[in-house]
Amino acid sequence: MEQKSGGGKDNRLFFRFEYPAPVRYRFAKKTEPGKYMVSPWFKGVGVDFSGGGGALNIGKPLPAKTLVLMEIKFPYSDDPVIATAEVVRRIDVEYKGAKVSQISFKYLLINSNVQDRMISFIISRGKSTL
């Protein structure tokens, strides 16, 4: 597998597609065991996507393990891809002159037919990390 710039092993199993997709997202914050508070909708911008997850530039510094509901707009459909994901890591980056959070996420819940269509689209335009 390809090495990430940080020197660690890249565990990605899917092709990556760098695309600034418009994304709407909400996150769930645990308030007590078994209870969550859901945020209002926020906007983010895609960095890259794969069949198993991706990365977004967002304004909120969401920590790892945060649950996120997202709607991702791809050019092949009028309907957004809707998925529930989990943040796996966050870094600070600069995007269009502003400091933002970049989250990497993995899909937890996504319709398999929608995911298959998204993977086909990504493979036709993406690059392999293997």
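Is glutamine 102 buried or exposed? Glutamine 102 is buried, with a relative accessible area of 18%, and that value counts as buried because the cut-off is under 20%. Keep in mind while you look around that this is a predicted model.

**View 1. The whole chain, before we zoom in.** The protein chain folds into one helix and eight strands. Follow the sequence from start to end and you get the pattern β-β-β-β-β-β-β-β-α. Of the 130 residues in the chain, 36% count as buried. Now take the contacts between residues at least 6 apart in sequence: 57% of them join residues at least 24 apart.

**View 2. How confident is the predictor?** The mean pLDDT of the protein chain is 87, and 85% of its residues reach 70 or more. Residues 1–9 are another story, with a pLDDT below 50. Beyond near neighbours in sequence, that stretch has 15 contacts in the model. Where pLDDT is low, predicted coordinates should not be read in detail.

**View 3. Glutamine 102 and its surroundings.** Let's go back to the residue we opened with, which sits in strand 8. The side chain of glutamine 102 makes a polar contact with the side chain of asparagine 57, at 3.1 Å. Leaving aside neighbours within four places in sequence, glutamine 102 is also in contact with other residues, among them Val47, Ala55, Leu56 and Ile91. Two arginines, Arg89 and Arg90, are on that contact list as well, and so is Val93.

**View 4. Valine 93, a partner of glutamine 102.** Valine 93 belongs to strand 7. Which residues does valine 93 contact, if we leave aside its neighbours within four places in sequence? They are Asn57, Ala98, Lys99, Val100 and Gln102. Check out the Asn57 pair: valine 93 and asparagine 57 are 36 residues apart along the chain, while their C-alpha atoms are separated by 8.2 Å.

**View 5. Tyrosine 25, tucked away in strand 2.** You'll find tyrosine 25 in strand 2, and at 1% relative accessibility it counts as buried. What does tyrosine 25 touch, not counting residues up to four places away in sequence? The list includes Pro40, Trp41, Phe42, Lys43 and Gly44. It also includes Ile58, Gly59, Lys60 and Leu62, and then Val68, Leu69 and Met70. For a bit of scale, tyrosine 25 and threonine 84 are 59 residues apart in sequence but 9.5 Å apart in space, C-alpha to C-alpha.

**View 6. The hairpin of strand 2 and strand 3.** Strand 2 (residues 22–32) and strand 3 (residues 35–38) run antiparallel, joined by four bridges. Look across from lysine 29 and you'll see methionine 37 in strand 3. The hairpin has two residues between its strands, and glycine 34 takes a positive phi near 80 degrees there.

**View 7. Two lysines with a positive phi.** Lysine 65 is not a glycine, yet its phi is positive, at about 80 degrees. You can spot lysine 65 in the loop between strand 5 (53–58) and strand 6 (67–72). Lysine 65 is exposed, with a relative accessible area of 66%. Lysine 96 has a positive phi too, near 50 degrees. The home of lysine 96 is the loop between strand 7 (81–95) and strand 8 (98–110). Is lysine 96 buried or exposed? It counts as exposed, at 76% relative accessibility.

**View 8. Helix 1 and its two faces.** Helix 1 (residues 112–125) has 14 residues and reaches 20 Å from first C-alpha to last, close to the 20 Å expected at 1.5 Å a residue. Which residues of helix 1 are buried? They are Gln115, Met118, Ile119, Phe121 and Ile122. These residues cover an arc of only 165 degrees around the axis, so they are on the same side of helix 1. An α-helix has 3.6 residues a turn, so residues three or four places apart point the same way. The buried residues of helix 1 pack against strand 1 (17–18), strand 4 (42–49), strand 7 and strand 8. On the face turned away from the buried side, you'll find the exposed residues Asn113 and Ser124.

**View 9. The cap on helix 1.** Asparagine 111 caps the N-terminal end of helix 1. One of its side-chain oxygens lies 2.8 Å from the backbone nitrogen of asparagine 113.

Notes. Residues numbered from 1 in each chain as written. Heavy atoms only, no water. Buried < 20%, exposed > 50% of the residue type's maximum accessible area, 1.4 Å probe, protein only. pLDDT = per-residue confidence, 0-100. Contact = heavy atoms within 4.5 Å. Pairing = 2+ DSSP bridges. Expected span 1.5 Å × (residues − 1). Arc of directions from axis to C-beta. Polar contact = N/O pair within 3.5 Å; in protein donor to acceptor, adjacent residues only side chain to side chain.
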